[in-house]
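Colleague: Could you walk me through this one? I would like to hear the reasoning behind each label.

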Amino acid sequence: MTDIMISVEAARARIAAALLPLEAEPCTLIDAPGRTLADPVIAVLTQPPFAASAMDGYAIHSSDLGDTPKRLALQGESAAGHGFDLALKPGHAIRISTGAPMPQGADQVVMQERVVRDGNHITLDDTPRPNSNVRGAGIDFSAGDILLPSGILLSPDAVALAAGAGMTGLTVHRRPRVGILSTGDELVEPGQTPGPHQIINSIAWGLDGLVRQWGGEPVYLGIARDSKADVRAKLEAARGLDLIVTIGGASVGDHDHLRQVFNAMGGQLEFGKIAVKPGKPSWFGRLDETAFLGLPGNPVSSLVMARLLLQPALAILSGRPESLEFATVMLGEDLAANGMRENFVRARIDCQTGRVHPLGNQDSSALSALVHSNALIRREVEAPAARAGETTQILPL
Ligand SMILES: Nc1nc2c(c(=O)[nH]1)N[C@H]1C(S)=C(S)[C@@H](COP(=O)(O)OP(=O)(O)OC[C@H]3O[C@@H](n4cnc5c(N)ncnc54)[C@H](O)[C@@H]3O)O[C@H]1N2
Ligand code: MOO
């Protein structure tokens, strides 16, 4: 195993095989968006609970309408939150507001814009359309319906649905606690002045945001300097996390100590390299209970590989199926044949034409180009040259 270069697909499969969903725990509605549901949501209530008006207007019986304008007497009002207790009388109308219960005996609501009102009478010119502007009871859902299956990422809309169905809290998977460790003597933190040969540790901040976006809880572990002792101290201090993501120190340089320390501490490597561009020196393994994902130091390599490996890993730990949603779009430009590594080309989809254009700057250190891109074009190993107008797979960003 280990230092043989494997495909992205095989890497994803090995990560999937090594991880299990974290345990379930209760959570309040306010904490629910972005969590993954562990138990399905079953409606306690029916929505709407009663037949209700969809418009502000007048509740009538459709048989009171015909070919000529009709004049009806006002019998009362059904306001939202109150309703009207009596049954509608023939030749009458009941003033009604949007969301108010339909009075007994009424089967249609006429919008107030189609009505002329004089005192306690209305004149209306509309055709009989039973159920027009009426929302039937339970048209959204009924008590007992399974509204949300387990394993879904809770969007704010889904939480609103659960709240409307009578839930006050939900059962979700625990958020994965994800350590983020930067490595390298060349790094200083934002706010510090870089020395003559130093740069700012930028990647950790991007990964922090991505971990949050994908439902994890980032734990920043700082910068390990280029010494085995410091790398070891940082890793020892981070025991007990669900996953540690390391940045840099993964390649073949004289100061890349991470993998050696990981091995010395008893880490089990699952794979050590991927046939991918950017991101070749990405690696994955396990040290006791903690999974390790090593991302390369080049910022674009790191943040692209986070999409391809960290996102699926967090999905599994959070209790969701591992999936990446590739789409198919038309190329806006010719592409050269691809080489031995699967290539994820930074690109922009033109919203006017719907076509995707590779960006000029494909350097794996160029964060500005990554930020300008809104998609990665996926080029398979040895893919032949492609012409503008042909379709290609993309991963939207
Ligand atoms: N002889 C070879 N050299 C390299 C190979 C190779 O196969 N043979 N692979 C190259 C590839 S591909 C990549 S990608 C890089 C990645 O190497 P590392 O993961 O070991 O990363 P470092 O050497 O530590 O750093 C690379 C680069 O990234 C900058 N960096 C590191 N950490 C951060 C951070 N937190 N924020 C911003 N920038 C960071 C670092 O200063 C370097 O410039 O290796 C190639 N070399
Ligand atoms: O694979 Mo490296 O990430 O090309 O720069």
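**Contacts and labels**

Modeller: Gladly. This is a predicted model, and a good place to begin is arginine 341, where an N or O atom of the side chain is 3.1 Å from an oxygen atom of ligand 2.

Colleague: What makes that pair with arginine 341 a polar contact?

Modeller: The cut-off is 3.5 Å between N or O atoms. The pair at arginine 341 is 3.1 Å apart, so it counts as a polar contact. Serine 364 passes too, with a side-chain N or O atom 2.5 Å from an oxygen atom of ligand 2, and asparagine 298 has a polar side-chain atom 3.0 Å from a ligand 2 oxygen.

Colleague: Which residues surround ligand 2?

Modeller: Pro278, Gly279, Lys280, Asn298, Ser301, Arg341 and Ser364. By class, that shell holds 4 polar, 2 charged and 1 nonpolar residues. The space ligand 2 takes is the largest pocket.

Colleague: Why is cysteine 27 called buried?

Modeller: Buried means under 20% relative accessible area. Cysteine 27 has 10% relative accessibility, so it counts as buried.

Colleague: And why is cysteine 351 called exposed?

Modeller: The exposed label needs over 50%. Cysteine 351 comes to 72% relative accessibility, so the label is exposed.

Colleague: How many disulfides does a search of the whole structure find?

Modeller: The search gives 0. A disulfide needs two cysteine sulfur atoms within 2.5 Å, so a count of 0 says that no pair met that cut-off.

Colleague: What confidence does the predictor give?

Modeller: The protein has an average pLDDT of 95, and 98% of the residues score at least 70. For the complex, the ipTM is 0.97 and the pTM 0.89.

Note on methods. Residues are numbered from 1 along each chain as its sequence is written. Chains are lettered from A and ligands numbered from 1 in the order in which they are written. This is a predicted model: local features need pLDDT of at least 70, side-chain atom pairs count only at pLDDT 80 or more; totals for chains, interfaces and linings use all residues. Side-chain values use heavy atoms; hydrogens and water are left out. pLDDT is the predictor's confidence in each residue, from 0 to 100. Buried means under 20% relative accessible area, exposed over 50%, partly exposed in between (1.4 Å probe, protein chains only). A residue is near a molecule or strand if one of its heavy atoms lies within 4 Å of it. A polar contact is a pair of N or O atoms within 3.5 Å; within protein, one must be able to donate a hydrogen and the other to accept it, and residues adjacent in sequence count only if both atoms are side-chain atoms. On a 1 Å grid over the protein atoms alone, a cavity is a set of points where a 1.4 Å probe fits but cannot get out, and a pocket is an open set with protein on both sides within 12 Å along at least five of seven lines; lining residues have an atom within 4 Å of a point. A molecule sits in a cavity or pocket if more than half of its atoms lie within 2 Å of its grid points. Ala, Val, Leu, Ile, Met, Phe, Trp, Tyr, Cys and Pro count as nonpolar, Asp, Glu, Lys and Arg as charged, and the others, Gly among them, as polar.
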